[in-house]
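Got your viewer open and a cartoon representation on screen? Let's walk through this one stop at a time, selecting as we go.

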Amino acid sequence: MGVLGIDLGSNTIKIVQAKAGKKLSITNSYLLHTPQGAIIDGEIKDMLMVVSAIKTFMNEHHIKAKEVSFSLQSPNVNTRELKLPAFSKSEVMPALEFELSQIFPGIVQSHTLTYQQISKAGEPIVGLSAFCPTAMLIGYVELANLLGLTIRTIDVSANAIAKSLRLFGDASYMTENMLLVDIGTAGSQVTVLSKGRMMLSRYVSTGVSALDQIVATRCGVTIEQAEAARMMNDYDKLGLSNEDLDFIARLGYSAIEDQIRQTMDFFTSNKGNEAITKILIMGGGCHFPGLATHFETLYRLPVHIAKLDKMALKQPSELMLSAAGCLIVDSNLTQDFQLIPGLQMLQKYQAQTNRTAILLGTGVVIALLGLSVFAFAYFGVQSQNDRALALEQEAATYKPATELKQQIIVAQDTADKIKAIIALSDKTNLINSALLTDIGKAMPENVFIMSYAADGTSTISFTGIALDRPSIALFVRQLTDLESVTSATLQNVTRRAGPDGNVMDYSFTLQLQLKGR
């Protein structure tokens, strides 16, 4: 049994198989067509079709694995330069959340945040942050579950590609500033790699399908025929001259060319004397006739197709970079991207309008069900998972149908909801809707709860962040006024200063003693 690296594209799904172990040993690579419309901009739109396609392919090719990693390329994945003062590992994420929330209000409620740290532990934090809608990432977690695989990582595609090039590419990739242009079917990614590290990345909502459309219109053929001519490099049959191809390239790649120019200008303006010295092209759209020469003329830089010189793959390596890279663990990084949404989402401080609602929903269920929820949930999960698996196997055998697809979605959704109840029930049995509502009303605007825990049957401990000390005092006073609370005790307050020495915020811990418990 090994591990799989999967890159889900709108046109093809790339799979890399490797042996499990400390040292990455890739054994095989595969390409299969993506069911039409099943994946759009990296988002899984038709789960049943994707699961059926991958499972059928794995069975046909006798692919066995226990774990899976995904790479994700999407306009919904955003990366930003990260610079923070020296923090301990446990302090970095709250600081990142606070910083991004100032720019994107409400982001911690809707997105999963992660970061990559290049600097050493104990030093000021230098690297990149990344964030993606959690709803989108949940699709990848569900896909792993339906494939019967344990999910290891969800990596940013550009970062995965950079890791592949560092480990398996030409030695010059580690010393130069390069521009990587990943030309996909429906979208493309333009990334700056500085000495093998991803520095910045920009998504372009244009891929080689735009060029195929131009060819189809100009030659009076179907999109499928234009795509086949590109993939086989057989434009002669369509009667296109070199002049025609040059014109089509300038028209079809114009949006990508604009982003290349903007990205290069941004990098050089921010890095002073540093400049881009080479352009690497990859992806399904990199083999258009004369494209390398066209880019060389346009940008006056050498242009090469990205290759993995130190690794032999059955499939073209320029297509497999991302799938291979998401399997690589870079030991030189203090922290790498990890986009799997999980329990850390419960630890993020919430906006006033919905932090109470999140606890309220679970509190009502727990208060009503009590101890009986455990027995019901255990057998319910088993029943619903068995039902989902049976329906899924039936779909793979007899082809998916609309009614069957809906049954699977309902069954899996029921199982997931019951699992959520179990997880929250394990954490505490103290919560009830009235108490949560009261606590939420008592919370000042400048106070944010990060986590809570139950100690025994009469005490709740909270940790949080406040923008000023008076707000903490007001919160404690208003908690003691609640009918259900005997006492509210502030256990500690820690001040956090910014680079200029001014106070940024205060972290605190307080304990509630409840009446009649």
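What follows is a tour of two sheets, the helices that pack on them, and a few side chains and loops.

Before you start, keep in mind that this is a predicted model.

**Stop 1: the first sheet**

Select β3, β2, β1, β6 and β10, and you have an open sheet of five strands in just that order, with mixed pairing. Look at its edges: β3 (25-33) and β10 (150-156) each have a single partner strand, so one side of each has no neighbour in the sheet. As you step across, neighbouring strands turn by 20 degrees against each other on average, if you ignore direction.

Now zoom in on residues 2-8 and 12-19. These are β1 and β2, and they pair in the antiparallel sense over seven bridges. For a landmark on this pair, pick I6, which stands opposite I15 in β2.

Next, bring in residues 47-60. This is helix α1, lying across β1, β2 and β3 and running at about 125 degrees to β3.

**Stop 2: α5, from one sheet to the other**

Add residues 157-168, helix α5. Which strands of the first sheet does α5 touch? Show β3, β6 (65-72) and β10: α5 packs on the sheet there, and its direction makes about 95 degrees with that of β10.

Keep α5 selected and turn to β11 (177-183), β12 (188-194), β13 and β14. The helix α5 lies across these strands too, running at about 135 degrees to β13.

**Stop 3: the second sheet**

Those strands belong to another open sheet, also worth colouring by strand. Its five strands run in the order β13-β12-β11-β14-β15, again with mixed pairing. At the edges you'll find β13 (197-204) and β15, each pairing on one side only. The twist here averages 20 degrees from one strand to the next.

How do β14 and β15 pair, parallel or antiparallel? Select residues 278-282 for β14 and follow it alongside β15: the pairing is parallel, over three bridges. I279 is a handy marker, since it stands opposite V303 in β15.

**Stop 4: where α5 meets α11**

Go back to α5 and add residues 317-325, helix α11. The two axes come within 7 Å and cross at roughly 100 degrees. That falls in the 65 to 115 range, so α5 and α11 are roughly perpendicular to each other. Show side chains for S157, A160, I161, K163, S164 and L165 on α5, and for L321, S322, A324 and G325 on α11, as these make the contact. Colour them by type and you get five nonpolar, four polar and one charged.

**Stop 5: rings**

Switch to sticks for the aromatics. The structure holds seven aromatic pairs. For a group to centre on, select Y235, Y253, F288, F295 and Y299, which form one aromatic cluster. Then move to F266 and look at what sits over the face of its ring: R202, at 5.5 Å from the ring centre.

**Stop 6: two unusual backbone spots**

Most residues other than glycine have a negative phi. Two loop residues here go the other way. Pick N233, in the loop between α7 (223-231) and α8 (242-252); its phi is positive, near 50 degrees. Finish at R300, in the loop between α10 (291-299) and β15 (303-305). R300 isn't a glycine either, yet its phi is positive at about 55 degrees.

Terms used
Residues numbered from 1 in each chain as written. Predicted model: local features only at pLDDT ≥ 70, side-chain atom pairs only at ≥ 80, totals over all residues. Heavy atoms only, no water. Axes fitted to C-alpha atoms, helices over the stretch in contact; angles between N-to-C directions. Helix = DSSP H or I, 4+ residues; strand = E, 2+ residues; numbered from the N terminus. Parallel < 35°, antiparallel > 145°, perpendicular 65-115°, else oblique. Contact = heavy atoms within 4.5 Å. Nonpolar A, V, L, I, M, F, W, Y, C, P; charged D, E, K, R; others polar. Phe/Tyr/Trp six-rings, centres within 6.5 Å; stacked < 30°, edge-to-face > 60°. Lys NZ or Arg CZ within 6 Å of the ring centre and 35° of its normal. Pairing = 2+ DSSP bridges.
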